[in-house]
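Here is a short set of exercises to work through with the model open beside you. Try each task before you read its solution.

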Amino acid sequence: MRKIKFTQQTISDRLTQMLSDFPRLSDINPFYSDLCNTLYDRDHYKLALGQINTAKQLVDSVARDMVRMDKYGDSLFRCKCLKRAALGRMCAILKRQKASLSYLEEVRKHMSRLPALDPNTRTLLMCGLPNVSKLSFMNKITRANVDVQPYAFTTKSLFVGHTDYRYLRWQVIDTPGILDHPLEQRNTIEMQAITALAHLTCSVLYFMDVSERCGYTIEQQCNLFRSIQPLFANKQLVVVINKIDAQPWETLDDKHKTMIEDLVKEAGTNTTMLKMSNVSEEGVSEAKNHACDKLLAARVDSRVGGNKVESVLNRLQVVHPAARDGITREAYIPESVLREREAGKKTPAKSRIGYAPTVEDDGEDAEEQDETPPESEDEAMDGGGVANPRKKTARELMWENGGPGVWAPDYREQYDLADPDWRFDAIPQILDGKNIADYVDPDVDEKLRMLEEEEERLNAEIDVAN
């Protein structure tokens, strides 16, 4: 019976942990949910987890029935047979889940290799046809070191890098190349880019190769732009004209120029066009900065236009005071300050004890300030000016009595007690709730002396008697 319960508990714990560790597609971000559907097939994923859950319930049911039957076994041999039957049925249930477990293991390995992507942070997303130098641009502006090859579909999954702009951390995502064909004909690699475009709130950089070295004509690149243009809705779009080192924009055919410019106009007011080259690095920083600025401005506009701003403004009240009369009231300056200004001392004198003279100090002023402050508290710092009685500061007393580490201030002077004479009294020592001073005899030294004299006298009498 104990073995049956132990086996059932072990299997149930392992399967429960497996079910809880795998994410539920209905509870995670829609981007990750659709990405899992693209990579692993949502129906197959849910079916495999459902079969594991069913297997766990079957194991629990088998263990419960066999324990009940084993409890009423009429002999030791019958109990042993029931135990073997229970363990065999539980193992058979697990063996039937071999296909589901193998599939979930492959999903687990692939999920562990997915990039750490935050759908809610500031994001720059690059898209376009294959081999249009998206990865090269990513290596230029981020700390990522992604392998770049001269053939198409070098990128087979989402690559994530990070960059800094205006003291903010930005997420840069490179998507696999997209081909111009219907949505149902796109493969898993292309659907990852479609999923990112559909769900991420980001600034999109659409790359176009005007040199046509990527293997696709400008017409094909424009057709792809129009086919995925619905995915650019409510996003800041930058059309990046790349590889101008091989084909300068000025020498491009007027037909292709007009085609690209019309494409940018059709996309709407959120679309701008920039020219750059990864080889000469011309326009690389401008493209990154422009895309970041557009996204920042859009995020600010969305927050200002939201309901949260109105709720905050309703709690704010700006008051503009109105003048009660036409009298002009100047600032009030105390008479003591005016007297000091007339005496030519706008700033109070500062002690220079413990400080070396600097270049800014005058010779006579430095000597006057380095002198030891007056001993009397009633003596003023300035001889013939306005009386300014003061006490010596702790720093002055420190340098007069040996410097740092030698002299320490007596903080008992600052105690605020009912009787000022109590400030310097010795603090009593308490032991077991009793004051030790109450048990100290003030005449203990005299009594000890008398006892010692009596002891010496007795010792002397004993010596004489002997």
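A residue counts as buried when its relative accessible area is under 20%. Keep in mind that this is a predicted model.

**Exercise 1. Is strand S3 enclosed or open to the surroundings, and which strands pair with it?**

Step 1. Begin with burial: 5 of the 7 residues of S3 are buried, so the strand is largely enclosed by the rest of the structure.

Step 2. Turn to the pairing with S1. Strand S1 (residues 123-128) runs parallel to strand S3 (residues 168-174), and 4 bridges link them. Following the bridges, you find Thr123 partnered with Gln171 of S3, while Leu125 sits opposite Ile173 of S3.

Step 3. Now take the pairing with S2. Here the strands S2 and S3 run antiparallel and are joined by 7 bridges. Thr163 stands opposite Trp170 in S3.

Step 4. Look at the turn as well. The hairpin of S2 and S3 has 2 residues between the strands, and Arg166 takes a positive phi near 55° there.

**Exercise 2. Work out the strand order of the sheet and find which strands stand at its edges.**

Step 1. Trace the open sheet of 6 strands: the order is S2-S3-S1-S4-S5-S6, and the pairing is mixed.

Step 2. Check the ends of that order. Strand S2 (159-165) and strand S6 (271-275) each have a single partner strand, so one side of each lacks a neighbour in the sheet.

Step 3. Add the twist, which averages 25° from one strand to the next.

**Exercise 3. Find which strands helices H9 and H10 lie across, and describe how H6 packs on H10.**

Step 1. Place H9 (residues 254-267): this helix lies across strand S4 (203-209), strand S5 (236-242) and S6, at about 150° to S6.

Step 2. Place H10 (residues 284-304), which lies across S1, S2, S3, S4, S5 and S6 and runs at about 170° to S5.

Step 3. Bring in H6 (residues 134-141). Its axis is 10 Å from that of H10, and the two helices pack at an angle of about 85°. Angles of 65 to 115 degrees count as roughly perpendicular, and H6 and H10 are therefore roughly perpendicular to each other.

Step 4. Name the residues that meet: Phe137, Lys140 and Ile141 from H6 with Val284, Ala287 and Lys288 from H10.

**Exercise 4. Which residues have the most contacts inside the largest nonpolar core, and which helix gives the most to this core?**

Step 1. The largest nonpolar core has 59 residues, and Phe137, Leu205, Tyr206, Met208 and Phe232 have the most contacts inside it. Helix H10 gives the most to this core, with 6 residues.

Step 2. Zoom in on Phe232. Leaving out residues up to four places away in sequence, Phe232 touches Cys127, Leu197, Val204, Tyr206, Phe225 and Leu237.

Step 3. Then look for a second, separate core: it has 24 residues, including Ala48, Ala63, Tyr103 and Leu104.

**Exercise 5. Is Ala394 buried, partly exposed or exposed, and where does the model have pLDDT below 50?**

Step 1. Find Ala394 in helix H14 (residues 394-400). With a relative accessible area of 46%, Ala394 is partly exposed.

Step 2. Compare positions along the chain: Ala394 and Ala408 are 14 residues apart, and their C-alpha atoms are separated by 8.8 Å.

Step 3. Finish with confidence. The protein chain has a mean pLDDT of 83, with 89% of its residues at 70 or more. The pLDDT is below 50 over residues 364-387, a stretch with 28 contacts in the model beyond near neighbours in sequence.

Methods. Residues are numbered from 1 along each chain as its sequence is written. This is a predicted model: local features need pLDDT of at least 70, side-chain atom pairs count only at pLDDT 80 or more; totals for chains, interfaces and linings use all residues. Side-chain values use heavy atoms; hydrogens and water are left out. Two strands pair if DSSP finds at least two bridges between them. Axes are lines fitted to C-alpha atoms, for helices over the stretch in contact, and angles run from 0 to 180 degrees between N-to-C directions. Contact means heavy atoms within 4.5 Å. Buried means under 20% relative accessible area, exposed over 50%, partly exposed in between (1.4 Å probe, protein chains only). A nonpolar core is a set of buried Ala, Val, Leu, Ile, Met, Phe, Trp, Tyr and Cys residues joined through side-chain atoms within 4.5 Å. pLDDT is the predictor's confidence in each residue, from 0 to 100. Angles under 35 degrees count as roughly parallel, over 145 as roughly antiparallel, 65 to 115 as roughly perpendicular and the rest as oblique.
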